[in-house]
Every structure is written in structure tokens, then in C-alpha cells.
Amino acid sequence: LYRKLKSMPVQPWKEAAGKLLAVLTFGIVSAAIIIIAGALLGARFNISLIGILKSAGFLFLGILASAGVGLIVGSLIKSIQGAVMTGVGIAVVTSAISGVFFQYSYLPPALQAFARFWPMSAVNSIIINYLIGDIGYNPLTVLNLSLTIAISLLFFTAGIVLYTIYCWKSE
């Protein structure tokens with residue numbers, strides 16, 4: 001697939017932007033469906049406009065981190081099936097050990113520490129805190145917010161750099 005993409009007259013930044021927009025669209029539509037289904041089933045949110053805007057910003061950050069991990073995997077593993085299976089494996093394992101699939105309080109202490117700094121679970125905790133309230137710890141500390149932002153942007157930047165190096169020919 002990457003060999004075919006390399007031969008196309010598409011600039012790398014445009015192709016990367018298209019991938020990012022696809023991931024963002026999928027993420028936002030998924031979040032909207034979950035929120036609507038939850039509200040229809042009786043979920044109660046502690047919603048304020050500021051909380052929604054902050055949650056949306058951190059959702060975007062989580063999507064960037066996820067896209068970065070996907071770009072890293074796709075850049076380093078050349079077969080499509082291998083990249084997809086590796087990406088799914090990373091997502092499932094890290095979600096299971098970081099509290100995305102169940103409450104943070106159920107995690108053992110070592111995994112609670114991991115969950116605070118793994119971008120996808122940290123973003124999840126931040127959004128839950130904004131929309132619902134207490135989750136067992138305060139994810140809004142300066143250290144936690146700073147690390148979540150920095151690590152998310154690092155994953156995305158590393159993904160873009162690796163994708164540019166390994167998947168596009170020099171122009």
C-alpha cells in the first residue's frame with residue numbers, strides 16, 4: 001500500500017492531514033454516539049459549557065495520540081495485516097491495563113501509575129472528571145495535565161516523523 005501511495009502525486013503533508021481528519025471524524029462520531037446512547041439510557045452528566053469545551057479539547061488530544069501510535073506502527077511494520085493486528089493488540093492491551101475498560105479504582109497500584117500517564121487513559125480520566133466528577137484521583141493536577149499533553153504530542157510528532165521518513169520518498 002505504501003509503495004502505491006509513494007507513486008501518487010500527493011504531497012506527504014496532505015496525505016497525513018487526510019489520515020488525521022479521518023481519525024478525528026471517526027473519534028468524534030464515536031464519542032457522540034456514546035454520549036447520545038448514554039443519555040437515552042439515563043446517564044446523568046455534570047455538564048457545563050466550559051466542561052464540554054475542555055472535554056472536546058482533550059478528546060482531540062487523545063485522538064492525536066492514538067493517530068500517532070497508529071502512524072508509528074504503520075511506518076515500522078510494512079504489511080497491512082501485520083500493522084493492523086499490532087495496532088489492535090497495542091490498543092486492547094494498553095486499554096485493559098490502564099483503566100479504559102473498567103474503573104481506575106479496580107487497578108493495582110502499579111497499573112494506576114501507568115494509567116495516569118498513558119495518554120489514552122489519562123485523557124479518558126480527564127474527560128470523565130469534567131463530565132461526571134470524581135474518579136478516584138485528581139487528573140487535573142499540573143503535572144498530570146502537562147505530561148498528558150506532552151506525551152500525546154510526542155506520540156503524534158514521532159508518528160508524523162517516522163511516517164515521513166519511512167513511507168514517503170524524498171522530493
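**Entry 1: Phe-101**

I began with Phe-101 and found that it sits in the loop between α4 and α5, the latter covering residues 109-117. The model I am reading is a predicted one. I then asked whether Phe-101 is buried or exposed. Its relative accessibility is 53%, so Phe-101 counts as exposed, the cut-off being over 50%. I looked up its contacts, leaving aside neighbours within four places in sequence, and found Val-92, Ser-95 and Ala-96. I also looked up its distance from Ala-37, which is 64 residues away along the chain. The C-alpha atoms of Phe-101 and Ala-37 are separated by 17 Å.

**Entry 2: Ser-95**

The contact with Ser-95 led me to that residue next, which is found in helix α4. Ser-95 has a relative accessible area of 14% and is therefore buried, as this is under 20%. Which residues does Ser-95 touch, not counting those up to four places away in sequence? I noted Val-100 and Phe-101.

**Entry 3: Ile-90 and Ile-97 in helix α4**

I stayed with helix α4, which spans residues 80-97. Ile-90 lies in this helix, and Ile-97 is found there as well.

For Ile-90 I recorded a relative accessible area of 29%, so this residue is partly exposed, between the limits of 20% and 50%. Not counting residues up to four places away in sequence, Ile-90 touches Val-69 and Val-73. I also took the separation of Ile-90 from Ser-48, and the C-alpha atoms of these two lie 34 Å apart, with their positions 42 residues apart along the chain.

Ile-97 is partly exposed too, with a relative accessible area of 32%. Its contacts, again without residues up to four places away in sequence, are Leu-107, Leu-111 and Phe-114. How far apart in space are Ile-97 and Leu-107? From C-alpha to C-alpha I read 7.7 Å, and in sequence the two are 10 residues apart.

**Entry 4: Thr-148**

I turned to helix α7, residues 142-167, where Thr-148 is found. Is Thr-148 buried or exposed? Its relative accessible area is 2%, which is under 20%, and therefore Thr-148 is buried. I listed what Thr-148 touches, not counting residues up to four places away in sequence: Leu-61, Arg-116, Pro-119, Ala-122, Val-123 and Ile-126. I then examined the side chain of Thr-148 and found that one of its polar atoms lies 2.8 Å from the backbone oxygen of Asn-144.

**Entry 5: Gly-136**

Gly-136 is found in the loop between α6 and α7. With 53% relative accessibility, Gly-136 counts as exposed. I compared its position with that of Val-123, which is 13 residues away along the chain, and found 15 Å between the two C-alpha atoms. Val-123 had already appeared in my notes as a contact of Thr-148.

**Entry 6: The second largest pocket**

I next looked up the second largest pocket, which holds about 170 Å³ of space. How many residues line this pocket? I found 13, and those that lie nearest its centre are Phe-102, Gln-103, Tyr-104, Ile-128 and Ile-135. Helix α6, residues 119-131, gives the most to the lining, with 4 residues. I sorted the lining by residue type and recorded 6 nonpolar residues, 7 polar residues and no charged ones.

**Entry 7: The chain as a whole**

Finally I looked at the whole chain. How many helices and strands does it have? I noted 7 helices and 0 strands. Read from the N terminus, the elements run α-α-α-α-α-α-α. Along the principal axes, the C-alpha atoms fill a box of roughly 50 × 35 × 30 Å.

The chain has 171 residues, and 34% of them count as buried. Ser-95 and Thr-148 are two of the buried residues that I have described. Among contacts in the chain with a separation of 6 or more, 67% come from residues 24 or more positions apart.

I closed with the confidence of the prediction. The average pLDDT of the chain is 85, and 92% of the residues score at least 70. Which elements have the lowest and the highest mean pLDDT? Helix α1, residues 2-7, has the lowest at 58, whereas α7 has the highest at 92. I added a caution for my own reading: where pLDDT is low, predicted coordinates should not be read in detail.

Methods
Residues are numbered from 1 along each chain as its sequence is written. This is a predicted model: local features need pLDDT of at least 70, side-chain atom pairs count only at pLDDT 80 or more; totals for chains, interfaces and linings use all residues. Side-chain values use heavy atoms; hydrogens and water are left out. Helices (H or I, at least four residues) and strands (E, at least two) are DSSP runs, numbered from the N terminus. Buried means under 20% relative accessible area, exposed over 50%, partly exposed in between (1.4 Å probe, protein chains only). A polar contact is a pair of N or O atoms within 3.5 Å; within protein, one must be able to donate a hydrogen and the other to accept it, and residues adjacent in sequence count only if both atoms are side-chain atoms. Contact means heavy atoms within 4.5 Å. pLDDT is the predictor's confidence in each residue, from 0 to 100. On a 1 Å grid over the protein atoms alone, a cavity is a set of points where a 1.4 Å probe fits but cannot get out, and a pocket is an open set with protein on both sides within 12 Å along at least five of seven lines; lining residues have an atom within 4 Å of a point. Grid points are joined across faces, edges and corners, and a volume is the space filled by probe spheres set on the points. Ala, Val, Leu, Ile, Met, Phe, Trp, Tyr, Cys and Pro count as nonpolar, Asp, Glu, Lys and Arg as charged, and the others, Gly among them, as polar.
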